Amino acid sequence: MAAALYDPEHGYYMRETARETDYFTSVTAHPVFAEMLARHLDDVWEALGRPDPFVVVEMASGDGELARSLIRLAPEHPWASSLEYVGVETSPARRRAADRLTGSRFVASLSEVKRGAAAAVLSNELFDALPFDLARRSGSGWVEEQVGLDGDSFAFADAPATDAILAYGERYGTRVPQGGRIEVRRGVRQLYADLDRLADRVSIITIDYGNIAELVHCERLSAGTAMSFRAHRGSEDLLARPGEQDLTCHVNFSELADVGECFGFKAAPLVQQADFLASLGIGEYLVYLQSSPGMTEGRYSRERESIMRLVSPSDLGRFKVLAQSRGVDMEGLRGIPAGS
């Protein structure tokens with residue numbers, strides 16, 4: 001999976017071209033998503049004590065579309081003069097595209113971001129793109145499903161589960177029935193170790209699809225959640241067209257909260273993206289659009305349809321938002337629920 005997605009020459013995510021032909025993201029759905037994140041940065045800047053520089057780190061920044069929007073919106077916000085925006089993107093081609101779009105700084109990994117006093121981290125659909133191992137409950141334990149060959153074709157082949165898979169299954173897979181499958185992401189702990197080195201005071205907003213462990217690894221989803229996407233069509237054939245289709249699965253937010261806690265990051269309860277954006281005022285934006293000069297009925301209808309995708313419970317609105325922080329109190333900020 002790592003090769004299919006991140007091979008330097010043939011990896012799906014390593015090319016410059018955007019992938020809107022395969023899937024939508026909140027960033028591409030409508031520019032108001034960036035406006036709501038800018039409002040969130042207002043709150044974080046205040047909570048951090050108005051730092052200067054105000055370091056904003058976007059993980060998996062792609063071709064820089066969100067970065068361009070936030071930098072363009074910055075003059076409307078009090079942190080504009082202190083903003084230091086850093087995008088983290090694995091693909092050299094996409095970093096070059098982002099440089100052309102924004103003129104800001106883009107690096108290949110979090111380890112290249114200079115340590116500072118405080119940082120605000122944005123992560124939109126990063127974790128679902130991390131490579132994962134596949135495992136199936138068998139007997140009293142787990143079997144890993146590795147990739148092998150069947151003639152000239154790729155095929156899955158059973159192998160003994162690694163210690164990492166066994167530990168993950170014991171902690172998060174107890175609700176999965178016999179024959180049920182789970183996905184075990186690689187690199188989560190290393191990613192939080194890199195976040196740990198950013199600053200003593202850090203806020204993190206993670207937006208992705210998935211849920212707590214009990215609702216991701218469960219009887220209802222016993223077949224697992226791994227999918228491939230190509231031309232907006234999902235498939236369970238993960239081995240077809242390597243490098244030409246997206247590979248993904250639901251995010252286990254319980255794991256993110258647990259690993260983050262090991263590095264001192266306190267997690268707020270999960271909230272749906274629809275509620276997060278509503279708290280930041282996306283509904284007010286729709287009202288504003290109605291009275292905008294030159295707004296026609298047709299244009300308003302198109303704008304509203306795009307915005308509704310961001311909040312619809314059957315679309316992007318079902319995504320979850322996890323707030324984590326260290327050295328800064330995020331409770332009480334718009335869209336961030338109080339801890340339980």
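## Strand pairs and helix packing: worked exercises

In strand S13, Leu247 is the bridge partner of Ser228. Let's work outward from there. This is a predicted model, where local features need pLDDT of at least 70, side-chain atom pairs count only at pLDDT 80 or more, and totals for chains, interfaces and linings use all residues. Residues are numbered from 1 along each chain as its sequence is written, and side-chain values use heavy atoms, with hydrogens and water left out.

**Exercise 1.** Work out which strands form the sheet around S11, and in what order.

*Solution.*
- Start with the terms: helices (H or I, at least four residues) and strands (E, at least two) are DSSP runs, numbered from the N terminus. Two strands pair if DSSP finds at least two bridges between them.
- Strand S11 (residues 227-230) makes three bridges to S13, in the antiparallel sense.
- Add the third strand, and you get an open sheet ordered S12-S11-S13, with antiparallel pairing.
- Strand S12 (233-235) and strand S13 (246-248) are the edges, each pairing on one side only.
- Neighbours here are turned by 30° against each other on average, direction ignored; axes are lines fitted to C-alpha atoms, for helices over the stretch in contact, and angles run from 0 to 180 degrees between N-to-C directions.

**Exercise 2.** Now do it for the four-strand open sheet: which strands are at the edges?

*Solution.*
- The order is S7-S6-S5-S8, and the pairing is antiparallel.
- That puts strand S7 (153-160) and strand S8 (181-185) at the edges, each with pairing on one side only.
- From one strand to the next, the twist averages 40°.
- In the middle, strand S5 (residues 132-138) and strand S6 (residues 141-150) run antiparallel, joined by four bridges. To find the register, look for Ala135, which stands opposite Glu144 in S6.

**Exercise 3.** Follow the chain from S1 to S2: what is the handedness of the β-α-β unit?

*Solution.*
- Strand S1 (residues 54-59) and strand S2 (residues 83-88) run parallel, with six bridges between them. Val55 faces Glu84 in S2.
- Helix H4 (residues 65-73) joins S1 and S2 in a β-α-β unit, and that unit is right-handed. A crossover is called right-handed if, with the strands pointing away from the viewer, the path from the first strand over the helix to the second runs clockwise.
- Keep going: the chain leaves S2, passes through helix H5 (residues 92-102) and reaches S3 in another right-handed β-α-β crossover.
- Strand S3 (residues 105-107) pairs with S2 in the parallel sense over three bridges, and Arg105 in S3 is the bridge partner of Val86.

**Exercise 4.** How do H3 and H11 pack, and which residues make the contact?

*Solution.*
- Helix H3 (residues 32-47) and helix H11 (residues 282-290) have axes 10 Å apart, at an angle of about 130°.
- H3 and H11 are therefore oblique to each other: angles under 35 degrees count as roughly parallel, over 145 as roughly antiparallel, 65 to 115 as roughly perpendicular and the rest as oblique.
- The crossing is right-handed, meaning the near helix is turned clockwise from the far one by less than a right angle, whereas anticlockwise is left-handed.
- Contact means heavy atoms within 4.5 Å. Val32, Glu35, Met36 and Arg39 of H3 meet Ile282, Glu284 and Tyr285 of H11.
- By class, that's four nonpolar, no polar and three charged residues (nonpolar: Ala, Val, Leu, Ile, Met, Phe, Trp, Tyr, Cys and Pro; charged: Asp, Glu, Lys and Arg; polar: the others, Gly among them).
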